[in-house]
Amino acid sequence: MLILTSLVELRHYRRALTGAFGLVPTMGYLHEGHLSLVRRAKTECAHVGVSIFVNPTQFGPAEDLSKYPRDLERDVQLLTAAGADVVWTPPPEEVYPLNFQTWIMLEEVTKPLEGKARPGHFRGVATVVAKLFNAFTPDKAYFGQKDAQQAVVIQRMARDLNFPVDVIICPTVREPDGLALSSRNVYLNPAERHAATVLHRALSAAKAQYEAGERDAEILRATLSSTLATEPLVREEYVSVADKETLAELTLVEHGALLSMAVRVGKARLIDNFLV
Ligand code: AMP
């Protein structure tokens with residue numbers, strides 16, 4: 001596997017390739033969730049590239065940018081084993097040169113949920129993903145359902161700006177007890193790790209209620225909240241039952257919904273979701 005840091009080298013490498021190119025953007029500290037995207041890309045593309053870049057512009061001033069976990073050596077081993085062809089790990093100044101001032105901002109879909117809780121987050125995400133699309137010129141790009149609003153934002157941006165890339169959303173990979181894999185799970189101590197299973201329990205309870213015929217979104221939100229409240233170590237930030245495309249909160253669930261939530265557990269902020 002080739003390891004590149006400069007944009008010029010990446011472009012040079014990419015120009016020489018023929019056949020479908022698949023991109024998996026990541027912030028590193030890889031786990032099975034990331035690797036599932038690489039494996040899916042391998043089945044659909046002749047070449048697979050991965051970016052590892054802890055994107056400073058998608059972190060708020062009080063967030064965990066400086067503490068975000070990193071282990072490039074281990075990431076490279078995992079990506080080699082998973083069959084990636086190239087990894088790009090640019091330094092921040094390669095992505096954001098001096099006097100950088102061009103941003104991608106989406107309107108309605110970035111207002112609620114994570115966009116509301118993390119002002120500026122999606123400006124950073126959309127901008128870096130647009131830059132990754134321009135750097136790698138992938139035919140397909142792979143993202144996880146774990147970050148549901150991000151998936152909606154990237155699909156919207158690719159369509160709105162005519163990026164010639166298929167955006168493919170892959171299922172959330174979970175621990176056996178239901179906790180969604182996340183690089184941020186390392187922040188959890190054993191008691192918090194145990195408590196964090198309540199996210200999956202809450203989503204499962206609301207999904208079961210929906211499948212039993214409940215269509216009142218407020219009742220489903222109440223189920224999410226009351227289940228989260230059974231864990232004293234977990235503090236709810238928001239729960240949501242929203243339209244899958246607009247992400248607007250629903251009153252009545254008529255054509256399915258995105259059930260989602262964000263919580264604090266100790267030092268970690270965790271998100272999870274189900275599509276129903
Ligand atoms: P991150 O490194 O957290 O920016 O994640 C990089 C990509 O991996 C994003 O598209 C995430 O949605 C995806 N991802 C993260 N966790 C999971 C998971 N548990 N299952 C599937 N995809 C995931």
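A crossing of two helices is left-handed if the near helix is turned anticlockwise from the far one by less than a right angle, and right-handed if the turn is clockwise. In the predicted model described here, helix 9 passes helix 10 in a right-handed crossing. Helix 9 spans residues 198-211 and helix 10 spans residues 217-228. The two pack with their axes 8 Å apart, at an angle of about 150 degrees. Angles over 145 degrees count as roughly antiparallel, and helix 9 and helix 10 are therefore roughly antiparallel to each other.

A second helix pair was also examined. Helix 6 (residues 121-136) and helix 7 (residues 148-160) have axes that come within 10 Å and cross at roughly 50 degrees. This angle makes helix 6 oblique to helix 7. The crossing of helix 6 and helix 7 is right-handed.

The ligand is surrounded by 17 residues, of which Met 27, His 34, Asp 147, Val 173 and Leu 181 come nearest. By class, the shell around the ligand consists of eight nonpolar, seven polar and two charged residues. At least two shell residues come from each of strand 2 (21-26), helix 2 (32-44) and strand 5 (140-144). Helix 2 gives the most to the shell, with three residues.

Polar contacts to the ligand involve both side-chain and backbone atoms of the protein. In the side chain of His 34, an N or O atom is 2.9 Å from an oxygen atom of the ligand. Asp 147 places a polar side-chain atom 2.7 Å from an oxygen atom of the ligand. At Val 173 the contact is made by the backbone, with an N or O atom 2.8 Å from a nitrogen atom of the ligand. On its own, the ligand has 490 Å² of accessible area, and the protein covers 92% of this area.

Definitions and conventions. Residues numbered from 1 in each chain as written. Predicted model: local features only at pLDDT ≥ 70, side-chain atom pairs only at ≥ 80, totals over all residues. Heavy atoms only, no water. Near = heavy atom within 4 Å. Polar contact = N/O pair within 3.5 Å; in protein donor to acceptor, adjacent residues only side chain to side chain. Areas by Shrake-Rupley, 256 points an atom, 1.4 Å probe, with all protein chains shown as cover. Helix = DSSP H or I, 4+ residues; strand = E, 2+ residues; numbered from the N terminus. Nonpolar A, V, L, I, M, F, W, Y, C, P; charged D, E, K, R; others polar. Axes fitted to C-alpha atoms, helices over the stretch in contact; angles between N-to-C directions. Parallel < 35°, antiparallel > 145°, perpendicular 65-115°, else oblique.
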